[in-house]
Amino acid sequence: MGHLKEGFEIREEKPIIEFRGVSKTYNTGTHALEDVNIKINSGEFVFVVGSSGAGKSTFMKLIMREEKANTGKIVVNGFNLTKMKRKAVPLLRRTMGIVFQDFRLIPNMNVFENVAFAMHVVGADGRNIRREVTKALSLVGLGHKARSMPNQLSGGEQQRVGLARALVNSPDLIIADEPTGNVDPTMSYEIVSLLTEINKRGTTVLMVTHDHNLVRDFQHRVIMLDGGKIVADNAGGDL
Amino acid sequence: MKLGSLRYLLKEGVKNTWTNRLMTIASVGVLVACMVIIGLAVMISENVNMAMGNLEKQNVVMAYMKDYSWALYGDNTPETTNKKEKPDKNGIRKSDYVIHSEAEALALCKEIEKIPNVASVTFISSAEGLETATQAMDESQKKYFSFLKEENGNPLSCAAKVAMTDMSLFDQTVKEIEKLNGIDTIQSNGDLAEKLAAIENGIAVAGIWIIAILMIISLVIVSNTIRVTMYTRKLEISIMKAVGATDTFIRLPFVVEGMVIGIISALIAEGLLYCCYRIATETIIKTFGNVIAFGEMAWLLVLMFLGIGILSGVIGSLIMISKYLRKEGSEFAAI
């Protein structure tokens, strides 16, 4: 985390995500994306909007290398995903934190263990895990709930645990797939505020949302997809 | 992989075995049943082999030698001389070769011992042969044949009692013995030898089939348990993939779980087999006599069970998790 030093206003203009002529057609014949060209610079906060079937999910899956493009070139965090071998995918994913709409917390693990799980997976040692998990939980305001079980938390709190888990490995990029989809409007604002705070520390944030109020109120860059094409790409929250 | 991660994964694997204890118990139950059947097959086969070995030991070949006993009942020219036969370097034909002394007879026994597949050779002098023969007679017969004990009265030839290692090579070995100079006739039970060899062979083949089939069953059982575990841990796997876990990292706890199931099953199977064997042998000993003691086979069996358990655990889990990771498990965003 943290490409920017505090007090600097100018952000790096280095693309963290780059799509060049990317098309994706599924085996079923569905054309999910067509000739998409886009650049997202390091340190940006970008909303991805669009109606159902617009290609948002495919766009995100391509970035996470869950799907492979049929044509074109995708570069994420310096990895060329077009040429990437299956073995190297975990290395790409370690450079990003993923926040899911349905939180994806492991029910039989407490808050601390859920966040620590992400660090165990990348082979972190015990002391480092304790330090970083505590830091991530305080950042999302849940330091006092470290021992609580997921079912003892509200939807908003669960999503903040998910956010802490995405942050704990200090990724360069946060991908949030409708993180406010399962929480109330007040909590939605809190979560996006938290993501904005994280973004201000230098982490690039890419967030898929259906909530136009959030897009309008938070005034970040907006990429709008429709029918597998980018139909709008506006800075400042204008649609 | 770092030591810390390895420790974490091993702990996770053992923990999962307990978390999915119902599935673990089901798999252990079936695996134990398979292992006990395999163990019983091995024990039966070993016991039959031992019994066959005893039978084989009794099924010896008697090779009678052309010693000077013929001279008592004929002139100095052996009746069996074949004039057409080519004499050896000493001018003696095989057909008229005779054993003149016990030393020559013992030397011939040494020659027999050199033949491959001959396990042991025991020299039986003509006196010993007569002693054995008279022992089988009743008092009146003994009295009637008492003249045989007089000087030069014994008509029996000295002989070599030959035991073989592999009964399937019986005919071939008998032919090798017959070729030796000084051998007169051979008394053997070729049919019985053939039958014994066929029984031994049949038991070995049946044993291999039983073990192979039960190994496959064990593999399927462990694979299914791991498969169910995998689906119950779908969420964890999707998170692991999302945060950049390698396939090896995801696989290892499942492999450990499979191994733990295998080890538990092996130990239970060993104990259970011991009890079954003990109960069975108590009855068998009364009827058939000696059986192989469980202690003699205990280490071999426990190693075999551990081998089967660990192997089926590792292979079963690897097959299942690899299949899962290639298909459903690769889609972590939309589980």
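Author: Let's start with a term: a helix here is a DSSP run of H or I with at least four residues, and helices are numbered from the N terminus. This is a predicted model. With that in hand, E176(B) sits in helix α6 of chain B.

Reader: What makes E176(B) buried, exposed or partly exposed?

Author: Count its neighbours: E176(B) has 16 other C-beta atoms within 10 Å. Buried takes 20 or more, and exposed takes 12 or fewer. The count of 16 falls in between, so E176(B) is called partly exposed. As for chain B as a whole, 30% of its 335 residues are buried.

Reader: Which strands does its helix, α6(B), lie across?

Author: Helix α6(B), residues 170-179, lies across β1, β2, β3 and β4 of chain B, and runs at about 160° to β4(B). Angles over 145 degrees count as roughly antiparallel, so about 160° makes α6(B) roughly antiparallel to β4(B).

Reader: Why are β2(B) and β4(B) said to stand at the edges of the sheet?

Author: Look at the order first: the open sheet runs β2-β3-β1-β4 in chain B, with antiparallel pairing. Strands β2 (118-124) and β4 (183-187) each have a single partner strand, so one side of each is left without a neighbour in the sheet. On average, neighbouring strands here are turned by 25° against each other, direction ignored.

Reader: How do you know that β1(B) and β4(B) count as a pair?

Author: Two strands need at least two bridges to pair. Strand β1(B), residues 61-65, and β4(B) have four bridges, in the antiparallel sense, so they qualify. Within these strands, Y64(B) stands opposite T185(B) of β4(B). Helix α3(B), residues 102-113, packs on the sheet too, touching β1, β2 and β3 of chain B.

Reader: Over in chain A, why do α5(A) and α6(A) get the label they have for their directions?

Author: Helix α5 (residues 155-167) and helix α6 (residues 185-200) of chain A pack at an angle of about 15°, their axes 10 Å apart. Angles under 35 degrees count as roughly parallel, so α5(A) is roughly parallel to α6(A). Their crossing is right-handed.

Reader: And which residues make that contact?

Author: From α5(A) come G155(A), G156(A), Q159(A), R160(A), L163(A) and L167(A), while α6(A) brings M187(A), E190(A), I191(A), L194(A) and I198(A). Sorted by type, the contact of α5(A) with α6(A) has six nonpolar, three polar and two charged residues.

Note on methods:
Residues numbered from 1 in each chain as written. Chains lettered and ligands numbered in written order. Predicted model: local features only at pLDDT ≥ 70, side-chain atom pairs only at ≥ 80, totals over all residues. Helix = DSSP H or I, 4+ residues; strand = E, 2+ residues; numbered from the N terminus. Axes fitted to C-alpha atoms, helices over the stretch in contact; angles between N-to-C directions. Contact = placed C-beta atoms within 7 Å. Parallel < 35°, antiparallel > 145°, perpendicular 65-115°, else oblique. Left-handed = near helix turned anticlockwise from the far one by under 90°. Nonpolar A, V, L, I, M, F, W, Y, C, P; charged D, E, K, R; others polar.
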